[in-house]
Amino acid sequence: MNDKLIAALPALPILVPLFVAVLLMTGPPRLARRALGLLGVAVALAVSVALVALTRDGRILPIQAGGWAAPFGITLVADSLAALMVLISAIIALVGLIFTVAANRDDRFVHAGWQFLLAGIDWAFMTGDIFNLYVAYEVMLMASYFLLTHGTTRRQAREAFGYIAINLIASTFFLFAVALIYSATGTLNMAHLAERVPLAPAAPVRAAAALLLVAFGIKAAIFPLFYWLPHAYAIPPAGIAAFFGGMLTKVGVYSLFRVFTIVFPSVGPDPLLLWSAAGTMLFGVLGALAQEDIRRILSFHIISQVGYMIMGLALASQLGIAGGIFYVLHHIVVKVGLILTGGAIEETQGTGRLDRLGGLARTNGPLALVFVMCALSLAGVPPFSGFFAKLLLIRAGLDAGQPGVVAVSILVSVLTLMSMVKIYAAVFWGPGTPKRASARLVVPAALLATVTLVVGLQAQVLFSLTSTAAAHLTTPARYITTVLRK
Amino acid sequence: MAAAVALLIGVLFATGLYLLLGRSLLRQIIGLALLSHSANVVILLAAGLKGSVPVMGAAPPPHTDPLPQALILTAIVISFGVTAFLLALGYRMHLFGAAGGEDDER
């Protein structure tokens, strides 16, 4: 590849979906719409594979928008972490869109909203400027508001209103934090902030960090800010819920990883985040055990699993952060696989309630296999990716001298397995000969089940990538010098 | 001057929060709009209220920092868009049934 193309590459995962979204809004016929939507996501996927390959050895690719040098202009930065996140977002966008098309849940508005959502998510991953991160969040959230409320009943619209309100409050806190940071340091560029925050007055910096923790914590659904999530994710059709459940909370998690390492680094394990991680894991899984609907159980598990990621961040060691990033990537694949399996059941049987389902193993063998693979991976059983994700975190926790949180994480794994067994027993065992789900609804989830198996068998490949990503966060010197061109 | 602006932020935030806690959908939407306005005023205050017009040569230094005003402009546009969306959603809920009244969802 020539240098000019490489230099422009980090902007493409944002610009391609935006461009496709605008084309889709002109209202092409159904076949063209589907082809265009899938093409846009496929191009984003190809670009993100190239980005991962380019940043694999620790290279960082910055773009100074409009030619204004950092810290004065807006900077986009593709480092190893951003590239990995963009890759997973493109994979999920593609698989989720295939499911949505297969389930015939796509009209032209859904296609355009889908592309806008992908653009906003990738923008949030790529940006190197904290105010620009706010704008990216709003682009992403606006698309999510739309997809959530599109074609809803009145009751669902009321629940969606709650989701919008809580996100607006988080955005307000985010803006408060931006104002405090700017007044204390005079900059908004993250690399520049990393240099200036240690020299700034402590009080506004601490207040800004606390506000950002709340703002990102609401989006990531960490304890005690998670209550909005199960209501919101029960609303849309399964394909859209899979995109939401896989990516949206993870953008919050990613922002926590980015900001609370580079801008506000923690020396040693952070007790506040550790408590929050333990609470997120425990209350999420306990909530899941109380539910009687596939989608609701899985939504509570999203919360529980975010706890593991925050545990990795809270340990603040390179292994902990590498394990946390590994966990994020693994979790997105597995969780979307499970939501799409649940979606195939919902679309075929007309319900996701455990007491109305049964006997699916008799007629839906492949679906049962896909569910078992994803469920075991979620609980952390070898040889799937979940086992290595948990192993890394437990190892990092013991190295950092935090046996308490490690004990909680192991207990929660057992409870997760219990909850998965509950779904399996209720849905796949029992009497009845339910309808067979059509193959095109099973294939998207089957692809993701294969990914978790392959990642589990070749865990060292992904681990070396996440280690590179973690190294940029724990020792940000290279990030700072590359962005500021020193 | 700064104290008065700080008070204004407090009043905007408190009023927004109060309206948000009410039952009526329309009040909640106005409350959310007021919350985002309070954030805009915080940015204005954070930039400092003193200084001259930030045009080189047109006014004597020290100039006001123009960047926070660009930030506020962006934030206003976003909050305008979201408020419009919420009003449209509220209108659709109204079409569904008697949404938006004081006794909504009772």
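1. How many residues do chain A and chain B each bring to the contact? Chain A brings 28 and chain B brings 35, where contact means heavy atoms within 4.5 Å. Keep in mind that this is a predicted model, in which local features need pLDDT of at least 70, side-chain atom pairs count only at pLDDT 80 or more, and totals for chains, interfaces and linings use all residues. Residues are numbered from 1 along each chain as its sequence is written, chains are lettered from A in the order in which they are written, and side-chain values use heavy atoms, with hydrogens and water left out.

2. Together the two chains bury about 2,800 Å², 78% of it on carbon and sulfur atoms. (Buried area is the accessible area, with a 1.4 Å probe, that two parts lose on being put together, summed over both.) Look for A:Arg154, A:Arg158 and A:Phe161: they supply 28% of the area that chain A buries against chain B, more than any other three residues.

3. The rule finds zero salt bridges across this interface (a side-chain nitrogen of Lys or Arg within 4 Å of a carboxyl oxygen of Asp or Glu). It does find two residue pairs in polar contact, both at pLDDT 80 or more (a pair of N or O atoms within 3.5 Å; within protein, one must be able to donate a hydrogen and the other to accept it, and residues adjacent in sequence count only if both atoms are side-chain atoms).

4. Helix 7 of chain A gives the largest share of the side that touches chain B, 16 residues. Helices here are DSSP runs (H or I, at least four residues), numbered from the N terminus.

5. Over on chain B, B:Gln28 sits in helix 2, residues 25–46. B:Gln28 counts as buried because its relative accessibility is 8%, and buried means under 20% relative accessible area (1.4 Å probe, protein chains only). Among the residues B:Gln28 touches are A:Arg158 and A:Phe161.

6. Now try the loop between helix 9 (202–220) and helix 10 (229–233) of chain A, where you'll find A:Pro224. The peptide bond from A:Phe223 to A:Pro224 is cis, with omega near 0°. A:Ala221 is in that loop too; its phi is near 60°, a positive value in a residue other than glycine. A:Ala221 is buried, at a relative accessible area of 0%.

7. One more cis peptide bond to check joins A:Pro382 and A:Pro383, with omega about 5°. A:Pro383 lies in the loop between helix 16 (365–379) and helix 17 (385–399) of chain A.

Notes:
Helices (H or I, at least four residues) and strands (E, at least two) are DSSP runs, numbered from the N terminus. Buried means under 20% relative accessible area, exposed over 50%, partly exposed in between (1.4 Å probe, protein chains only). Lists of a residue's contacts leave out its neighbours within four places in sequence.
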